Amino acid sequence: MLGSSRSLSGEATELALTSAPPKPSYTYARSHRILEIGGLAVSAALTVVTAVLAVRASPEGGIWFAALACFAGLCLADLMSGLVHWSADTYGSPTMPIFGGFVRTFREHHADQADITRHDFIETNGDVCIFSSPVHLTLLLWVENAFALFLVLGVFIGSYFNSQIHKWAHAAEPPWLVRAGQRTRVLLSPGHHSRHHSGAHLTHYCITTGWMNRVLDGVGFFRKLEWLLLKLGLRRTTPSA
Ligand SMILES: [Zn+2]
Ligand SMILES: [Zn+2]
């Protein structure tokens, strides 16, 4: 069919189609895109190195020991995701220097929850890898204990996948394996995360597994932290109710 309607303008169109550079799927600087890809590669390499070091340092028959340490690491990653999320939702402004972009990402997510689902894998996960991998590398330079290495493994697996898991919680049709993880609460489920987005965004800040939300919200952890910071002179910049 294409051949039957061949013409001068058709040839020009074909030439344009073959010679035009592919349209990037992202809308930010190419230099940052390269940095994101580098961050993802370094994070993947560090995760493999940590797993190898942890297995080598593990005592004979230490499978439960390793599972416990990884579980503790995932809980820690969930807690850290909550602290980071809460700080961006509560303090500062999108126009502030240095951290403005970070704050804007979380505030805009409240206004347009589906936007995160339009980001590709690199855009979704690149930034968290750029910021987390130097900390991971630093820890690997001095941690030798097997339990601590499995803990680090759990923390960084949770942290590197944090944005991806959050994206899946907003996705209309995540992969079946992810849906199984959400149903069994291994991963943050859409129903659980929707509690953060209903109302004034004052609870359910943890967005990796969501395991820590019940504990933290149950004891009023974030309100108490805000009270403490207010005593130190730091006032929240978003409404508290
Ligand atoms: Zn939020
Ligand atoms: Zn969300």
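Q: Why is the site of the zinc ion (ligand 1) called irregular?
A: The angles among its four donor atoms run from 92 to 156 degrees. Four donors are tetrahedral if all angles lie between 85 and 135 degrees, and four are square planar and six octahedral if opposite donors are over 155 degrees apart and all others between 65 and 115; anything else is irregular. The site is therefore classed as irregular. This is a predicted model, in which local features need pLDDT of at least 70 and side-chain atom pairs pLDDT 80 or more, while totals for chains, interfaces and linings use all residues. Residues are numbered from 1 along each chain as its sequence is written, chains are lettered from A and ligands numbered from 1 in the order in which they are written, and side-chain values use heavy atoms, without hydrogens and water.

Q: What makes His85 a donor of the zinc ion (ligand 1)?
A: Donors are N, O and S atoms within 2.8 Å of the metal (3.2 Å for Na, K and Ca); water is not among the atoms, so sites may look incomplete. His85 (NE2), Asp89 (OD), His110 (NE2) and His196 (NE2) lie 2.0 to 2.1 Å from the ion, so they meet the cut-off.

Q: Why is His85 called buried?
A: Buried means under 20% relative accessible area, exposed over 50%, and partly exposed in between (1.4 Å probe, protein chains only). His85 has 1%, so the residue is buried, and Asp89, at 4%, is buried as well.

Q: Which residues are the protein donors of the zinc ion (ligand 2)?
A: The NE2 atoms of His109, His166, His170, His193 and His197 lie 2.1 to 2.2 Å from this ion. Among them, His109 in helix 4 and His193 in helix 9 are 84 residues apart.

Q: What makes the contact of Arg33 and Asp120 a salt bridge?
A: A salt bridge is a side-chain nitrogen of Lys or Arg within 4 Å of a carboxyl oxygen of Asp or Glu. The N to O distance of Arg33 and Asp120 is 2.6 Å, so the pair qualifies. Arg33 lies in helix 2 and Asp120 in the loop between helix 4 and helix 5, so the pair ties together parts 87 residues apart in sequence.

Q: How do you know that Asp112, Asp115 and Arg118 form one network?
A: Arg118 forms a salt bridge with Asp112 at 2.8 Å and another with Asp115 at 3.5 Å. These salt bridges share partners and join the three residues into one network.

Terms used
Helix = DSSP H or I, 4+ residues; strand = E, 2+ residues; numbered from the N terminus.
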